[in-house]
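Q: Got a minute to look at a structure with me? I'd like to talk through a few parts of it.

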Amino acid sequence: MDVPLKKVAIIGGGLAGLSAASKLAEAGIDVTLFEAAPQLGGRARAFIWKGKRLDNGQHILLGAYQQTLKLMASVGIDEKNVLLRLPLALNMHQSFSLKAMRLPAPLHLLFGLLTATGLSWHERFTVIRFFVWLKAIRYKLTQDRPLLDLLIQKNQPTRLIKWLWEPLCLAALNTPIASASAQTFLNVLRDSFNQNKNDSDLLLPKVDLSALLSEPIAEHIKKHGGKIALSMAVSDIEQTMNGFNLNFASKEASEFSHVVIATSPHHVHAITSQLDITRDAAFDYQPIYTVYIQYPSHIKLPHVMTGFTQGIAQWAFDRGQLCGQDGLIAVIVSAEGAHQKLSQEALGESIVEELKESFPDLPSPEWHKVIAEKRATFACVSGLKRPKQLTQLANLYLAGDYTEGDYPATIEGAIRSGLSAAQLILQS
Ligand SMILES: Cc1cc2nc3c(=O)[nH]c(=O)nc-3n(C[C@H](O)[C@H](O)[C@H](O)COP(=O)(O)OP(=O)(O)OC[C@H]3O[C@@H](n4cnc5c(N)ncnc54)[C@H](O)[C@@H]3O)c2cc1C
């Protein structure tokens, strides 16, 4: 069978696969996206629980997510309708608070640090000195190393590491600070603080993740002639004269000239066993737990987003203030830790107690639900080698948040990888 010059298959309907398909469909390429699950979105998706649309994990975006914002605009999403844009504000309960000022970068951060509450003058100046040093080295280390080592070498006091750097590291890299890649963390700081003051804004979804991204991107793909096949797991890929055959358990094989594998790395191994390519060492993963707690609808937390530095809970989001789900609080527990030994019921109860200690006026909740994403992100450890989007086989590409790039496992990392794989196909 002759395959048209460019007939592209995308395997995986997470944000990497969706962004690749969107760009290719826009360019008029014959593109089909295959997703194993009955819904799109991968690790950024909504589900229904007790009649509410919840997310598999509360997500935060940053003003620095340039490619994400550009893609959203290109598929017709108006940022103002779906994202709450807040100037960077860290409200760490009973420890400190910092609010970026309405000044050009980096003065917004400098004055934010100078006016932060709960930090000593010595602590404020050590952070400022650290940023001055980062600017001098252009946020580029000669060699990657664990973030904690770097912070200790740069004389960051213990309290500052615990209150500021560790929560930021967990939020950005979802990897314990003792092993996290300092260079990847600096990349996020560079893009957030170095150019435009809006880059450090927090962008909090006002709608669920599927409505925010995967549903409108899928509509855009279809509008431009792209095809989307759900519940269609590719079982393996074979090389042919004209390209590649995709095999499925539930349907006969289809042939494509180009293939983008946009699955998580552990799925890549399974579907490429018949291909002659070097297999990268297996990635390690880190979990994220999201604990939803439903209080009576009049309950509000003092801030939309509150940080904690003492117990298991790390961040609490007030979904009533965010997306009109009154009384619903989403609590995040990132990365590995002792909480993984608890049953989901016990974890939910512990978080309810911790919130009650922080906010004694909270009544008993109506229900709580724990979502455990055990492989939420790859462990973004120091010195990690990430595969390129180009593989050793012509016309076979990889995409996904784990592929080579500046960013940790994030929406922005996934979208950048998908756009870059699509670009390689357009140029091929
Ligand atoms: C709980 C949680 C919280 C997070 N918080 C944030 C945050 O605050 N900010 C942020 O930027 N990022 C966050 N992330 C990370 C972000 O969600 C991911 O980096 C991003 O969604 C990854 O997209 P992806 O397309 O690379 O991979 P995935 O989303 O994993 O997509 C891969 C897709 O491939 C499909 N697939 C696998 N095998 C096959 C097959 N054989 N055939 C067909 N399809 C297949 C899967 O079903 C899946 O849909 C969070 C992630 C989680 C889980």
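The chat below goes through the ligand shell, a small sheet, two loop residues and a helix.

Q: Before we start, what kind of model is this?
A: This one is a predicted model.

Q: OK, ligand first. Which residues come nearest to it?
A: Gly-12, Gly-14, Gly-42, Gly-57 and Thr-410 come nearest, out of 39 residues around the ligand.

Q: And how do the shell residues divide into nonpolar, polar and charged?
A: There are 18 nonpolar, 16 polar and five charged residues in the shell.

Q: Which element gives the largest share of the shell?
A: That's helix 13, with four residues. Helix 13 spans 411–427, and other elements that each supply at least two shell residues include helix 1 (15–26), helix 10 (265–271), strand 15 (285–294) and strand 19 (367–378).

Q: What about domains, which ones does the shell draw on?
A: Domain 1 and domain 3 (285–378) each give at least three residues to the shell.

Q: Switching topic: in what order do the strands of the three-stranded open sheet run?
A: The order is 5-9-6, with antiparallel pairing. Strand 5 (61–62) and strand 6 (83–86) are at the edges with a single partner strand each, so one side of each has no neighbour in the sheet.

Q: How many bridges join strand 5 and strand 9?
A: Two bridges, and strand 9 covers residues 202–205. Leu-62 sits opposite Leu-202 of strand 9.

Q: Now the loops. What's the phi of Ser-231?
A: About 50°, so to speak on the positive side, although Ser-231 is not a glycine. Most residues other than glycine have a negative phi. Ser-231 is in the loop between strand 10 (227–229) and strand 11 (234–239).

Q: Is there another one, and where does Ala-335 lie?
A: Ala-335 also has a positive phi, near 60°, and lies in the loop between strand 18 (328–334) and helix 12 (344–358).

Q: Buried or exposed, for Ser-231 and Ala-335?
A: Ser-231 is exposed, with 11 other C-beta atoms within 10 Å. Ala-335 is buried, with 25 other C-beta atoms within 10 Å.

Q: Last thing, helix 12. Which residues in it are buried?
A: Leu-347, Gly-348, Ile-351 and Leu-355 are buried in helix 12. Looking down the axis, the buried residues fall within an arc of 100°, so they line one face of the helix.

Q: And which exposed residues are on the face turned away?
A: Glu-345 and Ala-346 are the exposed residues on that face of helix 12.

Definitions and conventions
Residues numbered from 1 in each chain as written. Predicted model: local features only at pLDDT ≥ 70, side-chain atom pairs only at ≥ 80, totals over all residues. Pairing = 2+ DSSP bridges. Near = placed C-beta within 6 Å. Nonpolar A, V, L, I, M, F, W, Y, C, P; charged D, E, K, R; others polar. Domains from an automatic or database assignment. Buried ≥ 20, exposed ≤ 12 C-beta atoms within 10 Å, placed from the backbone. Arc of directions from axis to C-beta.
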